[in-house]
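Trainee: Got a minute to go through this one with me?
Mentor: Sure, put it up.
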Amino acid sequence: MQLLYAPTWHSLCLQSLHTRPKEGWFSSLDQWRHLSVYNQPCKLPPRKCFYLKRTRALNSSIQAGDSAVSTRNAESDVLKALSQIIDPDFGTDIVSCGFVKDLNIVEAKGEVSFRLELTTPACPVKDMFEQKANEVVALLPWVKNVKVTMSAQPARPVYAGQLPQGLQTISNIIAVSSCKGGVGKSTVAVNLAYTLAGMGARVGIFDADVYGPSLPTMVSPGNRLLEMNPEKKTIIPTEYLGVKLVSFGFAGQGRAIMRGPMVSGVINQLLTTTEWGELDYLVIDMPPGTGDIQLTLCQVVPLTAAVIVTTPQKLAFIDVAKGVRMFSKLKVVQQFGIPHLFDLPIRPTLSASGDSGMPEVAADPQGEVAKIFQDLGICVVQQCAKIRQQVSTAVTYDKSIKAIKVKVPDSEEEFFLHPATVRRNDRSAQSVDEWTGEQKLQFADVPEDIEPEEIQPMGNYAVQITWPDGFSQIAPYDQLQTIERLVDVPEPAPIGA
């Protein structure tokens, strides 16, 4: 540092005084600096005082520069230390994941404070993150005090389309399905929801069975009737032990007697017009079967993942296989499901808890059943976080090489597409006649140098690409994988090019 400012100091002195101090007067740089730092009263002739004042100003500037450099170095030290902590789900350090927020350093006091913003408040390793973050930063030699605050990202769906108002602040929607009645699906749905709530998440349960709703029997809310917001014409869910609840059984009509199309409408209204608020997880207790109601739910709701419930009997497993195939076609299970198996013992206490109105995991949080659901809950949280991360980066635009990069979740393959080629391969009604199959969008209609303005995930199966002409293109992963690819990917353009 002295090499940087010492020559400038001499240059300033010569320009200001045209002469150097006489012998016996602060002839060394250290003496001048000492006088400046300790603010000794000036007893020198006017010209020498001018010289001293300029020196003080220069030293102040130098110290400010040193402070800025020091602050940058301190921040670099802290971030380097925190980058040693690896997220086990993403396989990337927490700094690269963008978890470190509001970093504040007071180096003179050795104080460091920052916030770790995780993907969910139910993160199973949040305590480990907090402990490790404290440890690695405290090891820095100049650090005396570390303050770590934990938080979670705001609830938001992985979906670019227009969602109903009630679903716009829900991060993950989990379908619990069996397709076979009587195998314990509702028991799993309710206990999973309360396990996630016990892990710190904001949770809701939607009982989608209108013909035989189970939720009113399995939980015991103080208010057993859904209320209507008269101004917004929306449904206010009831609550039990901190979990929001909606079921046709709480609508004051018990079980429905109506035809399929009417049931689909009721389910859609109950789900989409409810004021769910901010939820990390909405657990949907799916009705048995694979008919209109199930398909409507799967198509209207942007499902994050599905939990399939079955018993070992062949009769039950045959029906469950149908449900798995249904979710596979909807890109929920085959590519984005939870590839884990959990064995849940059939215990009298588990059945009894379903009739008593108190979920087993809440009645006996330290029991064997609760531990199994805890493992399931951890698995759900980890897989949902992984899915969201994969989906958010599946299709991106690299402006430096003017190419769309595609890496479909659960695939090791990465490839590049020319933006104009993607635009020309749109299969919507605006580009292709639905009846004749005639191509309405012509090759010359799309400029060769067209670039996307925005690319957003659309559920777990596609992205929504916004183009400069205002057109919004839905591009499914399956279609992107069939488009002609760029073979010779250009080198990144120089910065500022």
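Mentor: We will take the chain overall, then one helix, then the cysteines.

Trainee: What should I know about the model and the numbering?
Mentor: It is a predicted model: local features need pLDDT of at least 70, side-chain atom pairs count only at pLDDT 80 or more, and totals for chains, interfaces and linings use all residues. Residues are numbered from 1 along each chain as its sequence is written, and side-chain values use heavy atoms, with hydrogens and water left out.

Trainee: How many helices and strands does the chain have?
Mentor: There are 14 helices and 19 strands. Both are DSSP runs, numbered from the N terminus: helices are H or I, at least four residues, and strands are E, at least two.

Trainee: What share of the chain is buried?
Mentor: 45% of the 497 residues. Buried means under 20% relative accessible area (1.4 Å probe, protein chains only).

Trainee: Now α5. Where does that helix run, and what is its span?
Mentor: Helix α5 covers residues 185-198. Its end C-alpha atoms are 20 Å apart, which agrees with the 20 Å expected for 14 residues at 1.5 Å a residue. The expected span is 1.5 Å times one less than the number of residues.

Trainee: How many of its residues are buried?
Mentor: Twelve of the 14. Among them are Lys185, Asn191 and Tyr194.

Trainee: What follows α5?
Mentor: Gly200, with a positive phi near 105 degrees.

Trainee: Switching topic: how many disulfides?
Mentor: Zero, counting cysteine sulfur pairs within 2.5 Å.

Trainee: Why is Cys379 not bonded?
Mentor: Its closest cysteine sulfur, in Cys384, is 9.1 Å away, too far for a bond. Cys379 counts as buried because its relative accessibility is 6%.

Terms used
Buried < 20%, exposed > 50% of the residue type's maximum accessible area, 1.4 Å probe, protein only.
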